[in-house]
Amino acid sequence: MFLAASRTMPRSRGRLTRCTGTPHAPPTSGRAKQMTCEWLTTILTICSIANAGPRLQRWAATTYRQKKKKRTKRAPEAARPETGIALDNPFYLKSSQPWADEPFDNVDDAIDGAAGEAGEAGATVEPAGPNKAEVKTSIFHGTSDDLEDYQGRSWIDLPSGYKQGTVEKCRLPKKVVHTWSSHSKGVSAIRFHPSGHLLLSTSLDGTAKISRVHGNRKCMRTYLGHSKGIRTAEFAGTGGGQFVSSSFDKSVKLWDTETGAIVTSFDTKNAISFALATHPTHPSILLAGINKKIVQFDTRTGDNLQEYDYHLDAVNSITFVDEGRKFVTSSDDKTIRVWEFGVPVQIQVIKDTEMHAASTASLSPDGTTWLGQNADNTIVSYSVTGPKVRQLKKKTFQGHSSAGYAIDVGMAPDGQYLYSGDGEGRVFLWSWKSRKVVKTLSAHQQVCVGCRWHPFEASTLATCSWDGSVKLWA
């Protein structure tokens with residue numbers, strides 16, 4: 001068809017004529033100009049296919065280039081008053097500004113489209129270029145009265161009438177009293193605030209949330225600083241004014257609990273930190289397991305103070321013992337190592353051909369026993385009171401399925417019960433004295449990765465799962 005059209009097309013010197021032979025005058029209106037450009041493009045295509053005369057090809061190509069040059073050299077419009085963004089900004093997308101009259105010809109990339117999720121949540125995303133917007137790192141979900149009450153107390157302060165004390169005797173939890181479902185993906189860790197009235201949860205959706213444990217139990221603040229899922233988090237010190245989090249985006253951040261601001265970001269050397277621990281008496285000291293090493297940071301400056309380097313594989317857990325004078329680490333190299341704090345030399349190595357890697361660990365409330373979640377579906381215990389850490393071989397607990405998961409393990413405040421999650425969504429509770437399973441809770445639909453007993457209440461237990469829910473039991 002194109003060949004036949006080119007053969008019947010009349011030719012003239014200096015100007016084109018239509019198939020009827022009528023001279024074609026230059027167009028004047030905008031619509032006519034647009035049609036002319038489309039017509040010239042069609043002519044150029046037909047000529048190139050049908051091998052038309054060289055003079056006609058040169059004329060069509062020259063006219064097309066001139067009209068295109070006039071469009072691109074149009075003076076840029078002023079900035080729109082509602083956005084303050086000039087149309088001549090190279091980081092300009094037609095999709096983000098549909099009112100634009102004419103997009104630029106060469107626009108490679110602009111602000112990442114993934115920023116839309118944060119925008120929907122209320123956070124502002126920092127754009128490229130010299131005019132950078134301030135990044136909002138958290139969202140407060142309460143009211144103005146929640147920020148500060150009439151007595152000047154903040155929402156993270158201990159509420160009036162709430163009593164703290166030593167739990168004399170714990171009871172087994174029986175039922176679910178509340179469920180939080182504010183995370184869009186699986187929940188990776190939960191931590192009670194040192195005061196016990198708030199609960200911190202971290203998720204694979206890249207957010208951390210703090211919720212009230214009593215009263216209306218509403219989510220008070222969401223923290224938005226990570227771009228990928230959060231692996232774990234820990235409160236810094238006994239006050240709970242700050243907490244630290246590690247993420248799969250290879251970052252470790254220190255947060256202000258009350259304001260949601262990022263206080264410090266630590267250099268992880270482009271590696272994921274799977275374990276965090278803050279010193280019990282020096283809250284400005286942070287230990288993080290990075291690249292087979294335990295790195296000691298100063299949270300006030302973010303400086304790397306020291307490195308403990310003897311493990312042969314990723315570090316899974318860091319636990320301070322002996323009032324912070326020592327700490328115990330477990331690793332995928334199937335060893336347990338004991339270190340003196342401040343001295344980058346190991347003082348004891350526990351290894352055996354029959355040992356399995358401990359994915360998580362915790363310390364008993366009285367500080368005498370180290371508990372490790374082994375990859376062979378057992379929980380092992382070690383005494384840390386003497387000069388040497390020794391295994392309590394008669395205190396090995398089993399019955400649950402934890403292989404392949406980093407599932408929390410812990411002990412009730414009075415030391416009577418041991419608890420752990422399960423790969424099938426269950427929660428197991430053992431008697432420390434008899435080592436028998438005394439209760440099993442069908443808690444979640446997917447793996448239950450986190451369990452925490454309330455530090456000041458006899459039967460309050462919090463659990464979390466990859467199904468995205470956090471449950472409070474009593």
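A residue counts as buried when its relative accessible area is under 20%. The model described here is predicted, and the burial of its cysteines is judged by that cut-off.

**Cysteines**

Cys448 has a relative accessibility of 0% and is therefore buried. Cys219, with a relative accessible area of 15%, is likewise buried.

| Residue | Relative accessible area | Class |
|---|---|---|
| Cys448 | 0% | buried |
| Cys219 | 15% | buried |

A disulfide requires two cysteine sulfur atoms within 2.5 Å, and the count by this rule is zero. Cys448 takes part in no disulfide; the cysteine sulfur nearest to it belongs to Cys451, 3.9 Å away.

**Nonpolar core**

The largest nonpolar core comprises 15 residues, and those with the most contacts inside it include Cys170, Tyr419, Leu441 and Trp453. At least two core residues come from each of strands E25 (417-420), E26 (426-431) and E28 (448-453). E28 supplies the largest share, three residues. Leaving aside residues up to four places away in sequence, Cys170 touches Ala412, Pro413, Asp414, Gln416, Tyr417, Trp453 and Ala458.

**Open sheet**

An open sheet of five strands follows the order E1-E6-E5-E4-E3, with antiparallel pairing. Strands E1 (138-140) and E3 (187-192) are at the edges; each has a single partner strand, so one side of each lacks a neighbour in the sheet. From one strand to the next, the twist averages 15°.

Within this sheet, E5 (residues 208-212) and E6 (residues 219-223) run antiparallel and are joined by four bridges. Cys219 in E6 is the bridge partner of Ser211.

How values were computed: Residues numbered from 1 in each chain as written. Predicted model: local features only at pLDDT ≥ 70, side-chain atom pairs only at ≥ 80, totals over all residues. Heavy atoms only, no water. Core = buried A, V, L, I, M, F, W, Y, C linked by side-chain atoms within 4.5 Å. Buried < 20%, exposed > 50% of the residue type's maximum accessible area, 1.4 Å probe, protein only. Contact = heavy atoms within 4.5 Å. Pairing = 2+ DSSP bridges. Axes fitted to C-alpha atoms, helices over the stretch in contact; angles between N-to-C directions.
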